[in-house]
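Student: I've got a model open on my screen and could use a hand reading it. Can we talk it through?

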Amino acid sequence: MSVLQDNIAEHALGSVTVVDQSFTVGANVQRYLLALLTCNADPTPSSITYGGVAMGAVATGLVKVKVYGLVAPATGANTFNCQWAAARDAHVVLLSLYNVDQVAPTGTIITVDDGGGTTWTTTPTVKPYGRAYEIGIVASDAVATGAQTVLYDHVQFAGWHVMSWVPSTQAITWTMVAGGEHKVYTIPINPIKPPAGAVWFW
């Protein structure tokens, strides 16, 4: 079964210490919510919740780019709340998915810290069942037009890649239209594992 996108919302904020945004999660099975944070300073929050439930760290290895997740988020419109001890120029993307493995929602995360190139290649591990999404998350000082903006104050999805179900690895090349300092996470999202002996069609 394929991992599918439910909803996405993007918020470019000024200097703030608190983010309160309503976000709607559909009434789908095997839900998973991601919050992608970039800031002009360390974006590690003092508190991050959805519907009052704490979100856990997914990818935090890069300076000024952090990713948090929540398995089985509440459905309907609920409040996403993120707080920092000091003001941040923040950019937040909320992404809800479904048909996601509830025990191990993400695969091995690949991190790229590129000091100024325009192209990089990652080779994520593909699960031997279903179909997964690879999410390329780019925080860059070079936006798509090549103009410069505040460093890390821009989240750009390098793209979605639907992985093959074949049990192998598959190299993916991402290309930016302009050089700059790029901070990249490649996050495979794992699909539901079928029960033993099941035959699935997609």
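Tutor: Sure, and one term before we start: two strands count as paired if DSSP finds at least two bridges between them. Also keep in mind that this is a predicted model.

Student: Got it. How many helices and strands does the chain have?

Tutor: There are zero helices and 13 strands. Going along the sequence, you just read β-β-β-β-β-β-β-β-β-β-β-β-β.

Student: Let's pick β2, then. Which strands does β2 pair with?

Tutor: One partner is β6, residues 65-71, which runs antiparallel to β2 and is joined to it by seven bridges. Another is β7, residues 76-98, also antiparallel, with eight bridges to β2.

Student: Give me some residues to click on. What stands opposite tyrosine 32 in β6?

Tutor: That's valine 71. On the β7 side, try leucine 36, whose bridge partner is valine 93.

Student: And β2 itself, is that strand mostly covered or mostly open?

Tutor: Mostly covered: β2 spans residues 32-39, and eight of its eight residues are buried.

Student: Which residues sit on each side of β2?

Tutor: Tyr32, Leu34, Leu36 and Thr38 are on one side, while Leu33, Ala35, Leu37 and Cys39 are on the other. Both faces are covered. As background, side chains in a regular strand alternate between the two faces of the sheet.

Student: OK, what does β6 pair with besides β2?

Tutor: β5, residues 56-62, pairs with β6 in the antiparallel sense over four bridges. Leucine 62 has valine 65 as its bridge partner in β6. β5 and β6 make a hairpin with two residues between them.

Student: What's phi doing at lysine 64 in that turn?

Tutor: Lysine 64 has a positive phi of about 70 degrees. For context, most residues other than glycine have a negative phi.

Student: Where else should I look for a positive phi?

Tutor: Try alanine 72, with phi near 55 degrees, and asparagine 99, at about 65 degrees. Alanine 72 is in the loop between β6 and β7, and asparagine 99 is in the loop between β7 and β8 (110-114).

Student: Is asparagine 99 buried or exposed?

Tutor: Asparagine 99 is buried, with a relative accessible area of 6%. That falls under the 20% cut-off for buried. Alanine 72 comes out at 43%, so that residue counts as partly exposed.

Student: Switching topic: how many aromatic pairs does a search of the whole structure find?

Tutor: One. Phenylalanine 23 and tyrosine 50 meet edge-to-face, 6.4 Å centre to centre, with 75 degrees between the planes. Phenylalanine 23 is in β1 (residues 4-25) and tyrosine 50 in β3 (residues 47-50), so the pair ties together parts that are 27 residues apart in sequence.

Student: Are those two residues buried or exposed?

Tutor: Phenylalanine 23 and tyrosine 50 are both buried.

Student: Speaking of buried stuff, how many residues are in the largest nonpolar core?

Tutor: That core has 19 residues, and those with the most contacts inside it are Leu37, Ile48, Tyr50, Met55, Phe80, Cys82 and Trp84. β1, β2, β3, β6 and β7 each give two or more residues to this core, with the largest share, six residues, coming from β7. Apart from it lies another core of 15 residues, including Tyr32, Leu34, Val65 and Val100.

Student: Met55 is on that list. What does methionine 55 touch?

Tutor: Leaving out residues up to four places away in sequence, methionine 55 touches Leu33, Leu34, Ala35, Ile48, Thr49, Tyr50, Tyr68, Gly69, Leu70 and Phe80.

Student: Thr49 caught my eye there. Where does threonine 49 lie, and what does threonine 49 touch?

Tutor: Threonine 49 lies in β3 and is buried, with a relative accessible area of 15%. Setting aside residues up to four places away in sequence, threonine 49 touches Ala54, Met55, Thr79, Phe80 and Asn81.

Student: Last one, on the whole chain: what share of the residues is buried?

Tutor: Of 202 residues, 46% count as buried. The chain exposes about 8600 Å², and carbon and sulfur atoms supply 53% of that. As for contacts between residues at least 6 apart in sequence, 82% join residues at least 24 apart.

Terms used. Residues numbered from 1 in each chain as written. Predicted model: local features only at pLDDT ≥ 70, side-chain atom pairs only at ≥ 80, totals over all residues. Heavy atoms only, no water. Buried < 20%, exposed > 50% of the residue type's maximum accessible area, 1.4 Å probe, protein only. Phe/Tyr/Trp six-rings, centres within 6.5 Å; stacked < 30°, edge-to-face > 60°. Contact = heavy atoms within 4.5 Å. Areas by Shrake-Rupley, 256 points an atom, 1.4 Å probe, with all protein chains shown as cover. Core = buried A, V, L, I, M, F, W, Y, C linked by side-chain atoms within 4.5 Å.
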